[in-house]
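Grab a coffee and open the viewer: here are a few exercises to work through by eye. Try each task before you read its solution.

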Amino acid sequence: NDAFSIENGIIVDKSRRWPLCIDPQGQANKWIKKMEEPNTLAVKKFTDSDYIRRLEGCITYGNPMLIENILEETDPAIEPVLLKQTYKQGNRVMLKLGESVLEYNKDFKFYLTTKLRNPHYLPE
């Protein structure tokens with residue numbers, strides 16, 4: 001309930017980009033899980049063998065997804081998602097993820113968290 005946490009919550013909710021939360025104490029993880037619990041939040045790590053398949057389902061059906069405990073490099077496979085590289089095909093919004101072309105549901109939300117206290121990410 002402190003002002004800093006409230007401001008961060010507003011930024012996460014209103015940002016045009018998908019949020020990456022620097023979360024060494026796990027507070028953001030707990031908050032995201034609680035906030036998205038009624039919306040069938042999928043929680044995965046890049047090391048989970050099925051995370052891409054689950055991400056595809058979340059994009060298509062409009063469910064939120066949290067990828068937790070990322071390190072200083074993200075999987076290049078999710079770049080189209082991070083950059084919101086959607087396009088129109090007729091009256092549908094689509095996204096190409098790897099070899100899959102997915103219908104993009106406007107209700108989809110994507111969160112990333114890291115436990116690293118001072119991570120260094122490349123600009124892209």
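**Exercise 1. Which residues does Glu68 touch, leaving out those up to four places away in sequence?**

Solution. The model is a predicted one, so read every contact here as computed from it.
- Step 1: find Glu68 in the loop between β3 and α4.
- Step 2: look around it. Glu68 touches Asn29, Lys33, Val43, Lys44, Lys45 and Thr113.
- Step 3: check the accessibility. The cut-off for buried is under 20% relative accessible area. Glu68 has 8% relative accessibility, so it counts as buried.

**Exercise 2. Work out the order of the strands in the open sheet, and say whether the pairing is parallel or antiparallel.**

Solution. Go pair by pair.
- Step 1: β1 and β7 are parallel and share three bridges. Leu20 has Leu112 of β7 as its bridge partner.
- Step 2: β7 also pairs with β3, again in the parallel sense, over four bridges. Here Leu66 sits opposite Tyr111 of β7.
- Step 3: β3 is joined to β2 by three bridges, and these two run parallel. Lys44 is opposite Ile67 of β3.
- Step 4: put it together. The order is β1-β7-β3-β2, four strands in an open sheet with parallel pairing. β1 (20-22) and β2 are the edge strands, each pairing on one side only. Ignoring direction, neighbouring strands are turned by 20° against each other on average.

**Exercise 3. Follow the chain from β2 through α3 to β3. What is the handedness of this β-α-β unit?**

Solution.
- Step 1: place the helix. α3 lies across β2, β3 and β7, at about 155° to β3.
- Step 2: trace the unit. β2, α3 and β3 make a right-handed β-α-β unit.
- Step 3: mark the end of the helix. Gly62 follows α3 and has a positive phi, near 80°.

**Exercise 4. Which residues of α3 are buried, and which exposed ones sit on the face turned away from them?**

Solution.
- Step 1: list the buried residues, which are Tyr51, Leu55, Glu56, Cys58 and Ile59.
- Step 2: look down the axis. The buried residues of α3 fall within an arc of 165°, so they line one face of the helix. Here's the spacing rule to keep in mind: an α-helix has 3.6 residues a turn, so residues three or four places apart point the same way.
- Step 3: turn to the face away from the buried side, where you'll find the exposed residues Arg53 and Tyr61.
- Step 4: ask what covers the buried residues of α3. The cover includes β2 (42-44), β3, α4 (79-82), β5, β6 (100-103) and β7.

**Exercise 5. Do the same for α2: which residues are buried, and what do they pack against?**

Solution.
- Step 1: place α2 (residues 27-36). This helix lies across β1, β2, β3 and β7, running at about 160° to β7.
- Step 2: pick out its buried residues, Ala28, Asn29, Ile32 and Glu36. They span an arc of only 105° around the axis, which puts them on the same side of α2.
- Step 3: find their partners. The buried residues of α2 pack against β1, β3 and β7.
- Step 4: flip the helix over. Gln27, Lys30 and Lys34 are the exposed residues on the face turned away from the buried side.

**Exercise 6. Which members of the largest nonpolar core touch the most other members?**

Solution.
- Step 1: this core has 19 residues, and the ones touching the most other members are Leu55, Ile59, Met65, Ile67, Val81, Phe108 and Phe110.
- Step 2: sort by element. α3 (51-61), β3 (64-67), β5 (92-97) and β7 (109-114) each supply at least two residues. α3 gives the most, with four residues.
- Step 3: look for a second, separate core. It has seven residues, including Val12, Cys21, Ala28 and Tyr111.
- Step 4: go back to β3 for the directions. Met65 and Ile67 point one way from the strand, Pro64 and Leu66 the other, and all are buried.

**Exercise 7. How do β4, β5 and β6 pair, and which glycines in their hairpins take a positive phi?**

Solution.
- Step 1: β4 (residues 86-89) and β5 are antiparallel over four bridges, with Tyr87 opposite Met94.
- Step 2: β5 and β6 are also antiparallel over four bridges, and Met94 stands opposite Glu103.
- Step 3: check the turns. The β4-β5 hairpin has two residues between the strands, and Gly90 has a positive phi near 65°. In the β5-β6 hairpin, with two residues between the strands, Gly98 has a positive phi near 65°.

Conventions:
Residues are numbered from 1 along each chain as its sequence is written. This is a predicted model: local features need pLDDT of at least 70, side-chain atom pairs count only at pLDDT 80 or more; totals for chains, interfaces and linings use all residues. Side-chain values use heavy atoms; hydrogens and water are left out. A nonpolar core is a set of buried Ala, Val, Leu, Ile, Met, Phe, Trp, Tyr and Cys residues joined through side-chain atoms within 4.5 Å. Buried means under 20% relative accessible area, exposed over 50%, partly exposed in between (1.4 Å probe, protein chains only). The arc is that of the directions from the helix axis to the C-beta atoms. Contact means heavy atoms within 4.5 Å. Two strands pair if DSSP finds at least two bridges between them. Axes are lines fitted to C-alpha atoms, for helices over the stretch in contact, and angles run from 0 to 180 degrees between N-to-C directions. A crossover is right-handed if, with the strands pointing away from the viewer, the path from the first strand over the helix to the second runs clockwise.
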